[in-house]
Each structure stands twice: as C-alpha cells, then as structure tokens.
Amino acid sequence: MNGIFSRNSNTTRRNYMRKQILVTGGAGFLGSHLCERLLNEGHEVICVDNFFTGKKRNIVHLMKDPYFEVIRHDINFPLSVEVDEIYNLACPASPVHYQFDPVQTTKTSVMGAINMLDLAKRLDAKILQASTSEVYGDPQVHPQSEKYRGNVNSIGPRACYDEGKRCAETLFFDYRRQHGLDIKVVRIFNTYGPRMHPNDGRVVSNFIVQALKGEDITIYGKGTQTRSFCYVDDLIEGLTRMMNSREGLTGPINIGNPEEFTILELAQKVIELTNSTSKLIYKPLPEDDPLKRKPNIDLAIKELGWRSEEKLEDGLKKTINYFRCLLENDESTRLT
Ligand code: NAD
Ligand code: UDP
C-alpha cells in the first residue's frame with residue numbers, strides 16, 4: 001500500500017513513504033487540521049464524517065487535493081475502506097453538542113470505537129483514539145497524570161461523553177490484549193484555535209464571539225475554575241508524534257498545555273486582545289463542571305519529546321482573527 005511519493009508545492013510537502021490514513025471526524029475542528037497536516041506530509045487521507053458538528057467550510061480548501069476523499073458516514077455503522085492508519089476523532093466534543101443527543105454521544109464513542117477497532121483488526125492497521133481529559137472527571141488530584149483514575153459522575157449530564165470515552169479506552173486496551181492490535185490512546189486537554197465552531201458553547205469560542213460582537217461575556221460560576229488551553233497546531237503535532245511512536249507505546253498519554261488559567265483570567269485576556277467594551281455577567285455553573293484541570297505532560301515529554309509551545313496570548317490572537325473573518329463574512333450562520 002505504501003509507495004515513494006513526491007509533490008510540488010510551496011507548503012511543507014516532502015518525499016517520503018505515502019500512507020493511506022483514515023480520519024474519523026475529519027470535518028470537525030481538530031479533524032480538519034489533522035487532515036490538512038497529513039495531506040501536507042504527502043499522505044492520502046480519507047475523511048469520514050456525519051457532519052453533526054463538522055462543517056464543509058473546514059475542509060473545502062482540501063477538496064481540490066486528489067489525495068483527499070470525503071465520505072459522509074456515521075461511525076455507529078461499520079465502514080469498509082483500505083487504510084494503513086486510523087485516527088478516531090469522531091465524537092461531538094463541546095458540552096452543548098454532546099448533551100444535545102446524549103444517547104447518540106455514548107453510542108458514537110462505544111459503537112464507533114468497536115467499528116473502527118474491527119476495521120483496524122481486519123486491516124492490521126494502527127489505530128489512535130482521541131480520548132479526553134474528561135476521563136478524569138472533576139479531578140481530586142491536581143495536576144492530572146495518566147495514573148490518576150478519575151472522578152466521574154456516571155449518571156450526570158456529562159457522563160454520556162466522559163463514560164463513553166472511558167469505555168472507548170477500555171475497548172482499545174481489550175482489543176490489544178485480545179487481538180494484539182497496535183493501539184495509541186491520547187488524552188486531549190482543552191484545545192482551541194481557528195475552525196472552532198462559533199456556536200458550540202465552549203469557553204474560548206463563546207468569549208471571543210461575545211467580545212467581537214460587544215455582547216456580555218458569560219462567566220459560569222465565579223470564574224475561579226481553571227482550564228489549561230492548548231493551541232491546535234501543538235495538539236496536532238502531539239497526535240502525529242503519538243501515531244508515529246515506537247511499537248508498544250500505547251498510552252494513554254496526556255496531550256495539553258500545562259499553563260493553567262482561571263476562566264476570569266481568560267475573559268480578561270480576550271477583552272484586552274479584542275479591545276472590546278463587553279461587560280462580564282455571571283451565570284450558574286453547569287452541573288458537574290470540573291473545578292480545575294491541568295495536565296501533567298511528563299510522559300509526553302519523555303516518550304514523544306513533545307511539549308506545547310504556543311503561548312495563550314499568541315494562540316488567542318490567531319483565533320480572534322479567524323472569528324473576526326468568520327463574523328465579517330457571516331459564515332457562522334451557514335450550516336455545512
Ligand atoms: P468537533 O465537534 O469539531 O469534531 C467532531 C467531528 O466528529 C465532527 O466533524 C462531527 O460531525 C463528527 N462526528 C460526530 N459524531 C459522528 C459520528 N457518529 N460519525 C461520524 N462523524 C461524527 O470536535 P473536536 O474538538 O474537533 O474534537 C475531535 C475529537 O477530539 C473528539 O473525539 C473529542 O472528544 C476529542 N477531544 C477534543 C478536545 C478539544 O478541546 N477540542 C478535548 C478533548 C478531546
Ligand atoms: N464557561 C464559561 N462561560 C462560557 C462557556 C464556558 O464560564 O460561556 C466555563 C465552563 O463552565 C467551564 C470552562 O469555562 O468551567 C470550560 O468550558 P468548556 O465548555 O470550554 O470546556 P470543558 O468544560 O469541557 O472543559
């Protein structure tokens with residue numbers, strides 16, 4: 001399936017072994033950046049997406065690439081393609097989206113994982129799971145290392161996502177033990193950047209859109225809860241390093257930025273960088289909202305030589321520019 005490959009381009013494309021790679025959730029925020037990165041490396045990419053939260057505008061610039069293919073498909077159903085590697089990213093990621101149809105969210109994590117693992121088993125393909133810091137729930141250990149087993153409320157409104165992702169991890173490790181699959185599990189911490197959905201309710205997109213429109217900035221709770229924000233390019237670098245890591249390095253491995261900010265600090269930074277006149281308003285803290293989150297990335301540093309590089313302020317500037325263009329073109333009102 002592999003072959004020597006060379007392309008003419010002013011991007012970073014090089015000569016190397018071309019692989020066929022499946023990216024589920026490839027039209028989403030992270031998936032679209034991953035597809036772009038893999039194409040730029042000269043690989044052939046199949047993007048599978050049901051467009052629940054994914055957008056065509058995220059991948060339209062890739063469509064002219066003959067090595068890029070899009071399949072509209074729900075991973076709750078089996079898929080038959082021939083690939084060397086699978087990145088399994090399909091799953092709504094923001095609380096607003098994953099709580100919209102919680103049963104479908106759990107199914108996507110569990111049935112989707114089974115379908116993708118069965119595909120990897122048939123093809124003897126390497127498979128990477130986009131897991132999440134949410135497997136640690138509302139953590140009682142801080143910062144969170146991979147050894148921490150978490151504090152998830154299995155019956156709360158976030159459980160469809162948290163427990164779905166935990167079960168997907170279980171399935172990945174059982175397919176390895178039972179069938180010898182080459183698995184990679186990455187626990188992604190809050191990531192932000194261009195192509196975030198403007199209406200997905202996540203804190204970075206909400207604050208930037210509110211600030212650019214001059215609307216009130218909605219702080220849930222007192223704003224003293226913390227998150228650690230990783231810029232999308234850093235995250236994609238971490239994902240690809242993990243996929244290309246030595247055989248037997250299964251993870252789970254944390255990928256995130258260990259710089260921790262309160263939500264109030266984030267709001268102040270966004271106001272400052274957008275020069276906005278928006279005021280802060282306070283709303284109730286959603287049920288089970290984790291009070292703090294910060295990754296311990298020692299394992300990623302040791303095993304992958306990876307650490308996040310982008311400073312929050314620099315990443316926010318790029319994200320603000322993206323949303324400014326989106327709002328000017330009124331793209332946010334278009335569906336797919
Ligand atoms: P996103 O919502 O932008 O992307 C998810 C994509 O999956 C969308 O394109 C959506 O249409 C697609 N999808 C959803 N259900 C599907 C199904 N049943 N079949 C096929 N496609 C389906 O979210 P994102 O931020 O890009 O997240 C991507 C992955 O990374 C998710 O698995 C998420 O859990 C994980 N993750 C993201 C973050 C983050 O901060 N962005 C943090 C932790 C984990
Ligand atoms: N948040 C907030 N205002 C918003 C959106 C989110 O204060 O408009 C808070 C939210 O309650 C949480 C944090 O910001 O404490 C991060 O929320 P997000 O949904 O981005 O990520 P997650 O909670 O999944 O880590």
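At what angle do helix 8 and helix 10 pack, and how far apart are their axes? In this predicted model, helix 8 (residues 263–274) and helix 10 (residues 312–328) pack at an angle of about 55°, and their axes lie 10 Å apart. Helix 8 and helix 10 are therefore oblique to each other, and their crossing is right-handed. On the side of helix 8, the contact is made by Lys269, Val270, Leu273 and Thr274, while helix 10 brings Leu312, Glu313, Leu316, Lys317 and Ile320. By class, this contact of helix 8 with helix 10 holds five nonpolar residues, one polar residue and three charged ones.

## How confident is the prediction?

Before going further, here are the confidence scores. The mean pLDDT of the protein is 94, and 93% of its residues reach 70 or more. Residues 1–15 are a stretch to read with care: the pLDDT there is below 50, although this stretch has 21 contacts in the model beyond near neighbours in sequence. The model as a whole scores ipTM 0.99 and pTM 0.95.

## Helices that pack together

Two packed helices are described by the angle between their axes and the distance between the axes. The table sets out three pairs in this way.

| Helix pair | Angle between axes | Axis distance |
|---|---|---|
| Helix 4 and helix 5 | about 15° | 8 Å |
| Helix 8 and helix 10 | about 55° | 10 Å |
| Helix 6 and helix 10 | roughly 60° | within 10 Å |

Take helix 4 (residues 102–123) and helix 5 (residues 159–179), which pack at an angle of about 15°. That angle makes helix 4 roughly parallel to helix 5. The crossing of this pair is right-handed. From helix 4, the contact draws on Pro102, Thr105, Thr106, Ser109, Val110, Ala113, Ile114, Leu117 and Lys121. Helix 5 answers with a set of residues including Cys160, Tyr161, Gly164, Ala168, Leu171, Phe172 and Tyr175. Sorted by class, the contact of helix 4 with helix 5 has twelve nonpolar, five polar and three charged residues.

Helix 10 also meets helix 6, and the axes of that pair cross at roughly 60°. This makes helix 6 oblique to helix 10, and the crossing is again a right-handed one. Here Val204, Ile208, Val209 and Leu212 in helix 6 meet Thr319, Ile320, Phe323, Arg324 and Leu327 in helix 10. The residues of this contact divide into seven nonpolar, one polar and one charged. If you are following along in the structure, Ile320 is a handy landmark: this residue of helix 10 takes part in the contact with helix 8 and also in the contact with helix 6.

## Around the two ligands

Which residues are closest to ligand 1? They are Gly25, Gly28, Leu30, Thr53 and Gly54, out of 30 residues that surround ligand 1. Helix 1 (29–40), helix 4 and strand 7 (126–132) each supply at least two residues of this shell, and helix 1 gives the most, with three residues. By class, the shell around ligand 1 has 13 nonpolar, 15 polar and two charged residues. Helix 4, then, is part of the packing with helix 5 and also contributes to the surroundings of ligand 1.

Ligand 2 has 16 residues around it, with Arg202, Val203, Asn206, Thr218 and Tyr220 coming nearest. Helix 6 (203–213) and strand 10 (217–220) each supply at least two residues of the shell. The largest share, three residues, comes from strand 10. The shell around ligand 2 is made up of seven nonpolar, six polar and three charged residues. Helix 6 therefore turns up in two places, as it both lines ligand 2 and makes an oblique pair with helix 10.

## Backbone details in the loops

Most residues other than glycine have a negative phi, and most peptide bonds are trans. A few places in this model are worth a look against that background.

A cis peptide bond joins His142 and Pro143, with omega about -10°. Pro143 lies in the loop between strand 7 and helix 5. Another cis peptide bond joins Gly251 and Pro252, where omega is about 0°. Pro252 sits in the loop between helix 7 (232–243) and strand 13 (253–255). Finally, Asp124 is a residue other than glycine with a positive phi, near 55°. Asp124 belongs to the loop between helix 4 and strand 7.

Methods. Residues numbered from 1 in each chain as written. Chains lettered and ligands numbered in written order. Predicted model: local features only at pLDDT ≥ 70, side-chain atom pairs only at ≥ 80, totals over all residues. Axes fitted to C-alpha atoms, helices over the stretch in contact; angles between N-to-C directions. Helix = DSSP H or I, 4+ residues; strand = E, 2+ residues; numbered from the N terminus. Parallel < 35°, antiparallel > 145°, perpendicular 65-115°, else oblique. Left-handed = near helix turned anticlockwise from the far one by under 90°. Contact = placed C-beta atoms within 7 Å. Nonpolar A, V, L, I, M, F, W, Y, C, P; charged D, E, K, R; others polar. pLDDT = per-residue confidence, 0-100. Near = placed C-beta within 6 Å.
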